[in-house]
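Good morning, and thank you for coming. Please look at the sequence and the structure before I begin.

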Amino acid sequence: MQQSGPAITRRVVSVAEGRAASRRWWDHDADSYQEEHGAFLGDVDLVWCPEGLREAEAGLLGAVGGTRVLELGCGAAAGSRWLDGQGARVTALDLSAGMLRQARLAAERSGVRVPLVQADALALPFGAGVFDTVHSAFGAVPFVADSAALMREVFRVLRPGGAWVFAVTHPLRWVFLDDAGEGGLVAVHSYFDRRPYVEEDVAGVPTYIEAHRTVGDRIRDLTAAGFVLRDMVEPEWPPGHEETWGQWSPLRGRLIPGTAIFVAERPAT
Ligand SMILES: C[S@@+](CC[C@H](N)C(=O)[O-])C[C@H]1O[C@@H](n2cnc3c(N)ncnc32)[C@H](O)[C@@H]1O
């Protein structure tokens, strides 16, 4: 019998639809995500992207000792545990109870426990200006249709002078099929089509959403919220790195950027 997969469409989704879809998706996917990527990510390490760039070498967050650091979409929270080891006072936040269960398991394995919070990145349960740094490695940002609202929410919880550093799929990847092989080298989608990618169940309820912003959109979302953009890092595929992660592969990585890391700052005054 032929199995039918989810219906795939491109359409606008409401905040409530997006939140419900992401929460269900990541709860359901948590164990297999960790099984597939846990060894690559480690239990105590901040790996920014499938290219394998580590905070230990990149230093995008600067010196964090004694500072208050929030991780958005932390998954198993390996990054927060690593920053804890650097002396930061960390909080790791995720929408998904399944992912936070993985974070607790990793805490038991590693013996490094950090505060975990279940919440939506669009409605952070913190007061204004309480963090020195907010960071995210593919957490929350790609899965939120209203990216501008997320930037405003991060701006709110950062103190003046605080840093916001987040990694997302490089916007250029949006034009290609989600294919690690040759098929993923052919441009098929419009870079300018901002409608989110949506998978739906038979009732038309979104089960997975991923939102696209162009490079210019990302910059405008940041600056409209009040941020100053300091850098946009495009990690290169390192020689000898042969591991494939979903649509990230050595074949594609040598030709086109796969990740964009935005380094922004809330102005001091
Ligand atoms: C691709 S995983 C990345 C996890 C982790 N940062 C890593 O590097 O492995 C995306 C994470 O973002 C979380 N997430 C998605 N939407 C979110 C939202 N609106 N608020 C908070 N977390 C969210 C998911 O639950 C999931 O843990």
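Which residue just after α3 takes a positive phi? That residue is Gly-87, with a phi of about 95 degrees. Helices (H or I, at least four residues) and strands (E, at least two) are DSSP runs, numbered from the N terminus.

Two remarks on the model are needed. Residues are numbered from 1 along each chain as its sequence is written. The model is predicted: local features need pLDDT of at least 70, side-chain atom pairs count only at pLDDT 80 or more, and totals for chains, interfaces and linings use all residues.

I stay with helix α3, residues 78-85. Seven of its eight residues are buried, so α3 is largely enclosed by the rest of the structure. A residue is buried if 20 or more other C-beta atoms, placed from the backbone, lie within 10 Å of its own. Among the buried residues are Arg-81, Trp-82 and Asp-84. The buried residues of α3 pack against several elements, including α1, α4 and β5.

Next, the ligand. It is surrounded by 20 residues, and the closest are Trp-26, Gly-73, Gly-75, Ser-96 and Ala-121. A residue is near the ligand if its C-beta atom, placed from the backbone, lies within 6 Å of it. Helix α1, residues 15-41, gives the most to this shell, with three residues.

α1 also packs with helix α4, residues 97-110, at an angle of about 35 degrees, and their axes are 6 Å apart. Axes are lines fitted to C-alpha atoms, for helices over the stretch in contact, and angles run from 0 to 180 degrees between N-to-C directions. In this contact, Trp-26, Asp-27, Ala-30 and Gln-34 of α1 meet residues of α4, including Met-99 and Arg-101. Two residues are in contact if their C-beta atoms, placed from the backbone, lie within 7 Å.

Finally, I turn to the sheets. One is an open sheet of seven strands, in the order β4-β3-β2-β5-β6-β10-β9, with mixed pairing. Two strands pair if DSSP finds at least two bridges between them. The edge strands, β4 and β9, each pair on one side only. β9 and β10 pair in the antiparallel sense over five bridges, and Val-228 has Glu-265 in β10 as its bridge partner.

Another open sheet has three strands, in the order β1-β7-β8, with antiparallel pairing. β1 and β8 stand at its edges, each with a single partner strand, so one side of each is left without a neighbour in the sheet. β7 and β8 pair over four bridges, and Val-198 stands opposite Ile-209 in β8.

Definitions and conventions. A residue is buried if 20 or more other C-beta atoms lie within 10 Å of its own, exposed if 12 or fewer, and partly exposed in between; C-beta atoms are placed from the backbone.
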